[in-house]
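Work through the exercises below with the sequence and the coordinates at hand. Each task is followed by a solution in steps.

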Amino acid sequence: MRNLLSLGVLALPILAGFGSPSLAASRGHSYIPPARQDVYCLQGRTWGYPGNCQFSTYDQCMATASGTLAYCGVNPTYAFQRQGRQLR
């Protein structure tokens, strides 16, 4: 009797998993990729060039630069990246 009860307790999560929809399938259609964390760089005398490139928005970078002699610029990796369209 005790073995039968243990078997039932172990089998319950497995059987419940087959009857419910997968969590991965329900979230699969609403996936939003994370924002790039290296688009803008904090630049200046202290930081050099390309600087501290850990900001995903210009506002984040400017908030960090506020009150210092630093400024923000686009990460050179993105600024000089080959564009998808060719110039004619």
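Two strands count as paired if DSSP finds at least two bridges between them. The model is predicted.

**Exercise 1.** Determine which strands pair with S1, and how they run.

Solution. Start with S1 itself, which spans residues 40-44. Strand S2 covers residues 48-55 and is joined to S1 by 3 bridges, the two running antiparallel. The link between S1 and S2 is a hairpin of 3 residues. Strand S3, residues 71-74, is joined to S1 by 4 bridges, and this pair is also antiparallel. Both counts meet the requirement of at least two bridges.

**Exercise 2.** Place Leu-42 relative to its partners in S2 and S3.

Solution. In S2, Leu-42 has Asn-52 as its bridge partner. In S3, the residue opposite Leu-42 is Cys-72. Both Asn-52 and Cys-72 are also in contact with Leu-42.

**Exercise 3.** Which residues make up the largest nonpolar core?

Solution. First consider the cover of S1: 4 of its 5 residues are buried. Next, list the core, which has 6 residues: Leu-42, Phe-55, Cys-61, Ala-65, Ala-70 and Cys-72. Finally, check the contacts of Leu-42 beyond four places in sequence; these include Phe-55, Cys-61, Ala-65, Ala-70 and Cys-72. As a general tendency, nonpolar side chains in soluble globular proteins are buried together.

**Exercise 4.** Find the cis peptide bond and locate it in the strands.

Solution. The bond joins Tyr-49 and Pro-50, with omega about 10°. Pro-50 belongs to S2 and is among the contacts of Leu-42. Most peptide bonds are trans.

Note on methods
Residues are numbered from 1 along each chain as its sequence is written. This is a predicted model: local features need pLDDT of at least 70, side-chain atom pairs count only at pLDDT 80 or more; totals for chains, interfaces and linings use all residues. Side-chain values use heavy atoms; hydrogens and water are left out. Buried means under 20% relative accessible area, exposed over 50%, partly exposed in between (1.4 Å probe, protein chains only). A nonpolar core is a set of buried Ala, Val, Leu, Ile, Met, Phe, Trp, Tyr and Cys residues joined through side-chain atoms within 4.5 Å. Contact means heavy atoms within 4.5 Å.
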